[in-house]
Amino acid sequence: MAAASPKRGRLCAAVVLATYNIKGGVGKTSAAVNLAYLAARGGATTLLWDLDPQGASTYLLRVKPKVKGGGEKLVRGKSDASARIKGTDYDRLDLLPADFSYRHMDLHLDATKRPTRRLGRVLSPLEPEYDYVFLDCPPSISLVSESVFEAADALLIPLLPATLSARTLDYIDQVAGDGVQRLPFFSMVDSRKRMHRDVMEAFTAERPEMLHTVVPLAADVERRGIARAPLEEFAPRGRAAEAFRDLWAEVTERLLRASGRGSKP
Ligand SMILES: Nc1ncnc2c1ncn2[C@@H]1O[C@H](COP(=O)(O)OP(=O)(O)OP(=O)(O)O)[C@@H](O)[C@H]1O
Ligand SMILES: [Mg+2]
């Protein structure tokens, strides 16, 4: 069973999950592609919107990074988002691709009324079709991210096991406001490194919202650029694939709890 959207409460509303961090190269796209794949494989109709003009998710899912009419028409409600959605090689997993014009999405949003509501408005008509919508965000704090905070039920926040990540999370807390659940997790963890273990222990003690699953630093994830596929498709027995399966189970459990339908208090 898919979780209900904690934000909008309606059972027919898709649960919107954004992979977000101000920092680049921390594992946002890896999480978006692998978790969206697992959601779809588990039976949920799933859409991934690649909001990053670099189009890494789009590339990994083997789709052309092109949206007819570009990002401007999309956020202004002047193009039909459902007609821009592409199927992927995987059942139940669809993609709203990246487009190079998304690099100007801030300007396009700024030119609209209520810019922070625009992404949510693009998604609303699509929601009855999907159980989950993933937003793969570019690394920034901008109008795009403010619009993401408004549209999303939860932020999946990959954090490197480094002391400065505490400040990053504090900062995200400030800018994201109270309306969106935070699901931070450690990414690219080398458990042989004492420093990683120490940072994670200290951090988890201070931050009860940290997910327990950690994504290991693993060569399998780096190979994704060659395989152009979710881990489950080319290295299902590896540690990284296992970590993403555990992560997805933990995320769905937290979402169910937040929507008041979980098994635990
Ligand atoms: N767990 C991991 N182990 C090893 N390499 C990883 C892991 N996660 C991500 N990488 C590698 O690190 C790089 C950045 O990962 P990814 O694209 O997922 O991060 P991102 O936060 O989306 O980056 P950006 O901010 O550029 O969008 C990629 O080359 C990816 O293959
Ligand atoms: Mg990315």
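A pocket, as I use the word here, is an open set of grid points with protein on both sides within 12 Å along at least five of seven lines. I worked throughout on a predicted model.

**Entry 1. The largest pocket**

I looked up the volume of the largest pocket first, and it holds about 370 Å³ of space. I then listed its lining, which comprises 24 residues; Gly25, Gly27, Ser30, Met188 and Arg224 are the closest to the centre. I sorted the lining by class and recorded 13 nonpolar, seven polar and four charged residues.

Which elements each supply at least two residues of this lining? I noted helix H1 (28-41), E7, E8 and helix H10 (219-222). Of the elements, H1 gives the most to the pocket lining, with four residues.

**Entry 2. Met188**

I returned to Met188, one of the residues closest to the pocket centre. Met188 lies in strand E7. Its phi is positive, about 60°, although Met188 is not a glycine. I checked its exposure as well: Met188 counts as partly exposed, because its relative accessibility is 30% and the partly exposed class runs between 20% and 50%.

**Entry 3. The largest cavity**

I searched next for cavities of 30 Å³ or more and the count came to one. The largest cavity contains about 50 Å³ of space. I recorded its lining as Ser30, Val33, Asn34, Leu60, Val221, Arg224, Ala229, Pro230, Leu231 and Phe234. By class, seven of these lining residues are nonpolar, two are polar and one is charged.

I asked which elements each supply at least two residues of the cavity lining. They are H1 and helix H12 (231-234). H1 gives the most here, with three residues. I also noted that Ser30 and Arg224 appear in the cavity lining and are among the residues closest to the centre of the largest pocket.

**Entry 4. Val221**

From the cavity lining I chose Val221 for a further look. Val221 is placed in helix H10. Is Val221 buried or exposed? I found a relative accessibility of 15%, so Val221 counts as buried.

I then looked for its contacts, leaving aside neighbours within four places in sequence, and found Ser30, Leu231 and Ala240. Of these contacts, Ser30 and Leu231 also line the largest cavity. I also took the separation from Arg194, which is 27 residues from Val221 along the chain: the two C-alpha atoms are 22 Å apart.

**Entry 5. The sheet**

I traced an open sheet of eight strands in the order E3-E4-E2-E5-E1-E6-E7-E8, and its pairing is mixed. The edge strands are E3 (86-87) and E8 (214-216), each of which pairs on one side only. Helix H8 (residues 164-176) packs on the sheet and touches strands E6 (154-159) and E7 (181-189); the direction of H8 makes about 160° with that of E6.

**Entry 6. Strand E2**

I examined E2 (residues 46-50) with its partners. E2 runs parallel to E4 (residues 93-96), and four bridges join the two strands. Thr46 has Leu93 in E4 as its bridge partner, and Trp49 stands opposite Leu96 in E4. With E5, the pairing of E2 is again in the parallel sense, over five bridges; here Leu47 has Val133 as its bridge partner.

Why is E2 described as largely enclosed by the rest of the structure? I found that five of its five residues are buried, so the description follows. In a regular strand the side chains alternate between the two faces of the sheet. I accordingly listed E2 by side: Thr46, Leu48 and Asp50 are buried on one, and Leu47 and Trp49 are buried on the other.

**Entry 7. Arg92**

I located Arg92 in the loop between E3 and E4. Its phi is near 70°, a positive value in a residue other than glycine. Arg92 is partly exposed, with a relative accessible area of 38%.

**Entry 8. Helix H7**

I closed with helix H7 (residues 143-151), which is mostly covered, seven of its nine residues being buried. I listed those residues as Leu143, Val144, Ser145, Ser147, Val148, Phe149 and Ala151. What covers them? I noted that the cover includes strand E1 (15-19), helix H5 (105-110), helix H6 (118-123), strand E5 (132-136), E6 and H8.

Definitions and conventions:
Residues numbered from 1 in each chain as written. Chains lettered and ligands numbered in written order. Predicted model: local features only at pLDDT ≥ 70, side-chain atom pairs only at ≥ 80, totals over all residues. Heavy atoms only, no water. Pairing = 2+ DSSP bridges. Contact = heavy atoms within 4.5 Å. Axes fitted to C-alpha atoms, helices over the stretch in contact; angles between N-to-C directions. 1 Å grid on protein atoms, 1.4 Å probe; cavity = no way out; pocket = protein on both sides within 12 Å on 5 of 7 lines; lining within 4 Å. Points joined across faces, edges and corners; volume = space filled by probe spheres on them. Nonpolar A, V, L, I, M, F, W, Y, C, P; charged D, E, K, R; others polar. Buried < 20%, exposed > 50% of the residue type's maximum accessible area, 1.4 Å probe, protein only.
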